[in-house]
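Hi there,

Here is the structure I promised to pass on to you. Have a look at it first, and then read on for my notes on what turned up.

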Amino acid sequence: MAISKKVKAALNGASWVRRMFEEGEELKRLHGEENVYDFSLGNPNLEPPASLKKALKALADCPVPGMHRYMPNCGYSDTRKAIAEYLKEESGLPFEEKHVVMTVGAAGGLNVVLKAILDEGDEVIVPSPYFMEFKSYIENSGGQIRLVETNDDFSLNLSAIEKAIGEKTEAVLVNSPNNPTGVVYDQESFEKLGELLKKKSRQLGRNLHLITDEAYRRIVFDQIHLPNAFCCYPHTIRVTSHSKDLSLPGERIGYVAVSPLCEDADEMIAAAVFANRTLGFVNAPALMQRLVAPLQKNSVNIREYEEKRDLFYNSLTAFGYQLVKPQGAFYLFPKAPIEDDVAFVKELQSKRILTVPGRGFGKPGYFRIAYAVNRKVIEGALPGFKEVAEKYRAEKK
Ligand SMILES: Cc1ncc(COP(=O)(O)O)c(C=O)c1O
């Protein structure tokens, strides 16, 4: 029985995150789970808010008749209305229920949007380092990923984006707060990106799309102001989920929101609803749609992630690692002290520390730490990080 050539090639280049996660499982089997410091996967360790669990129990005790049936492919009206209200308040733009399509997480949402906009061979520009799944999602819809460099501090490199835009470009896909770097793009970057996309759209005689992956939107630190891309460019489509802010990644609940300023918003939404159905998602999970509707302003305690960021960042810089201080998400992306990021990650593994080589995100020479873990895992790993840094420092002398 043969599998597709494309899938075979993809399997051979298997995700570094999954590879490290699996190697970690083996280490845990050998040494015991508590003796392995696993920073491979961005899997939130915090429990969902108590209010969600209470609502879940209330729904189980007093079920709404028909609550397990099929529904419109765009999702429940009440949920979309609640999200539209939230988006209206956040942006000041006239969002309505019709601008929101409920999806199977942000991953489902991205596939829906890409299916809705891409024709065979269309390009999607993605700043690198990047979340590797983007490539597969774009290719799922016949598109091609076009990677562009970011600046040294991982901020958007607008001239690289400008140079990459051409006849084949259909969209620019940005992810902020960013996985793997934790960097948050500032207001000026979004404004300039908006201006650039307006200029290029005029030149091309068609509107380019800006897709913003905001899966980590609520996980920001240092009381920073988060820019709103909807206010910077009219043809913006936001994709997000409650996987991280409400710690519900296994429940697969997210949404796509199309800007009300988008000239062809109605057609775009019709295409997204069609894609949601025909990609086989049909609709987002029913139970979760009911539960998240009233929780639009809630989140897990973000301060806990911020404290872990501080502990990790301060310790690693003290040990001599070079890294940009992240202002969001739950990742650190330090430079590896040696050129070969895979060899470095292996060295950390010898201390039972699991991280992911930067090449897994299009950036060799770096490594990613996912710190959505209990504090004691970080504390347990710090001596190992120190020893490895000291070893390489001694070798350099
Ligand atoms: C940047 C980014 N986008 C999308 C996703 C997928 O999120 P979801 O679990 O909501 O599908 C992830 C998950 O880790 C992510 O890091």
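Let me start with the charged side chains. A search of the whole structure, which is a predicted model, gives 31 salt bridges. I picked out a few that are worth a look on your screen.

The first pair to find is E195 and K198, whose side chains meet in a salt bridge with N to O at 3.4 Å. Both residues sit in helix α8, which covers residues 187-204, and because they are three residues apart there, about one helical turn separates them. How exposed is each partner? E195 has a relative accessible area of 49%, so it counts as partly exposed. K198 is partly exposed too, with a relative accessible area of 30%.

Next, please go to helix α11. R303 and E307 form a salt bridge there, and their closest N and O atoms are 3.8 Å apart. These two are four residues apart in the helix (residues 302-318), which means that about one helical turn lies between them. R303 is partly exposed at 42% relative accessibility, and E307 is partly exposed with a relative accessible area of 35%.

A further salt bridge joins the side chains of D310 and R309, at 2.9 Å from N to O. Is R309 buried or exposed? At 1% relative accessibility, R309 counts as buried, since the cut-off for that word is under 20%. Its partner D310, at 22%, counts as partly exposed.

These residues also belong together in a wider picture. Which residues does the network of salt bridges link? The members are D222, R303, E306, E307, R309 and D310, so if you colour those six side chains you can view the network in one go.

Now for the empty space inside. How many cavities of 30 Å³ or more does a search of the whole structure find? There are two.

The largest cavity holds about 40 Å³ of space. Its lining is made up of S176, F190, E214, R217, L226, P227 and A229. By type, that lining has four nonpolar residues, one polar residue and two charged ones.

The second largest cavity holds about 30 Å³. Around this cavity you will find V126, P127, P129, Y130, F131, F134, L173, V174, N175, N178 and Y185. Two elements, β3 (123-128) and β5 (169-175), give two or more residues each to this lining. The largest share comes from β5, with three residues. Nine residues of the lining are nonpolar and two are polar, while no charged residue takes part.

Last, a look at the outside. I3, V7 and L11 form a nonpolar patch on the surface, and together they have about 280 Å² of accessible area. I3 lies in the segment before α1 (5-12). At 47% relative accessibility, I3 counts as partly exposed.

If you would like a quick tour, I suggest this order:

- the salt bridge between E195 and K198 in α8;
- the network that includes R303, E307, R309 and D310;
- the two cavities, with β5 as a guide to the second largest one;
- the nonpolar patch of I3, V7 and L11.

Happy viewing, and do write back with any questions.

Best wishes

Notes: Residues numbered from 1 in each chain as written. Predicted model: local features only at pLDDT ≥ 70, side-chain atom pairs only at ≥ 80, totals over all residues. Heavy atoms only, no water. 1 Å grid on protein atoms, 1.4 Å probe; cavity = no way out; pocket = protein on both sides within 12 Å on 5 of 7 lines; lining within 4 Å. Points joined across faces, edges and corners; volume = space filled by probe spheres on them. Nonpolar A, V, L, I, M, F, W, Y, C, P; charged D, E, K, R; others polar. Patch = residues over 30% accessible without salt bridge, like charges linked within 9 Å, V, L, I, M, F, W, Y side chains within 5 Å. Areas by Shrake-Rupley, 256 points an atom, 1.4 Å probe, with all protein chains shown as cover. Salt bridge = Lys/Arg side-chain N within 4 Å of Asp/Glu carboxyl O. Buried < 20%, exposed > 50% of the residue type's maximum accessible area, 1.4 Å probe, protein only.
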